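Subject: Handover of a structure

Dear colleague,

Please find the structure below, with its sequence. A summary of what was found in it follows.

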Amino acid sequence: MSSPAAPERPAIALAPMAATHLADVLALGHRVYDTSVKPYTSWSLSAIAGHMDGEASACWVALDGERLAGFVLGSMGFDQRGDWGNLEWIASAPEYQGQGIASRLVKACCATLTEAGASAVVTDVESRNTASAALMRRNGFEASVSVTLFVRATRR
């Protein structure tokens, strides 16, 4: 006698980010990232909305039904390079990590940026974030330029 099969879980779907996702994206980003590591890992609702509303938006969400499983923010233009895309922020909820969701989000973001005319896509990864570095390498990114953030504390 065989045991009954567990109900099959619906597949995680990717969708373009919409205004209805903003609050959940911000909450997940703050849950997953230690925003004290680098100043620019702290995002605001308006910064996320600006990426979503920008020309050639490459912002995607991964959804488990209505529940946010992950997201990626990408946009055209990097510093003075208007022909480069920028994958700026990506996160998977801890309970969904290890399921390939982040790779799917990277691929969707990069495909959107390539369609928009990007000749390259850049991203940065904090040096201690080995999981994100491995994710980027698995998805065709190569380490290029190393930048060290120098911080001078002020005394008050």
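Along the sequence, the elements of this predicted model follow the pattern β-α-α-β-β-β-α-β-α. The chain holds four helices and five strands, taken as DSSP runs (helices H or I, at least four residues; strands E, at least two) and numbered from the N terminus.

Residues are numbered from 1 along each chain as its sequence is written. In this predicted model, local features need pLDDT of at least 70 and side-chain atom pairs count only at pLDDT 80 or more, whereas totals for chains, interfaces and linings use all residues; side-chain values use heavy atoms, with hydrogens and water left out.

Of the 156 residues, 38% count as buried (under 20% relative accessible area; exposed is over 50%, partly exposed in between; 1.4 Å probe, protein chains only). Of the contacts (heavy atoms within 4.5 Å) with a separation of 6 or more, 64% are between residues 24 or more positions apart.

The largest nonpolar core (buried Ala, Val, Leu, Ile, Met, Phe, Trp, Tyr and Cys residues joined through side-chain atoms within 4.5 Å) has 40 residues, and those touching the most other members are Met-17, Ile-48, Phe-71, Leu-73, Leu-87, Ile-90 and Val-106. Elements giving two or more residues to this core include α1 (22–32), α2 (45–53), β3 (67–78) and β4 (81–92). The greatest contribution to this core, eight residues, comes from α3. Leaving aside residues up to four places away in sequence, Ile-48 touches Met-17, Leu-22, Val-25, Leu-26, Trp-43, Leu-73 and Trp-89.

In α4, the buried residues are Ser-132, Ala-133, Leu-135 and Met-136. They line one face of the helix, because seen down its axis they fall within an arc of 160 degrees (taken from the directions from the helix axis to the C-beta atoms). β4 and α3 are among the elements that cover these buried residues. The face of α4 turned away from the buried side carries the exposed residues Thr-130, Ala-131, Arg-137 and Arg-138. Gly-140, which follows α4, has a positive phi near 90 degrees.

The largest pocket (an open set of points on a 1 Å grid over the protein atoms alone, where a 1.4 Å probe fits, with protein on both sides within 12 Å along at least five of seven lines) has a volume of about 1,100 Å³, the space filled by probe spheres set on the points. Its lining (residues with an atom within 4 Å of a point) comprises 25 residues, of which Thr-123, Asp-124, Val-125, Val-145 and Ser-146 are the closest to the centre. β5 (120–122) and α4 (130–138) each give two or more residues to this lining.

Yours sincerely
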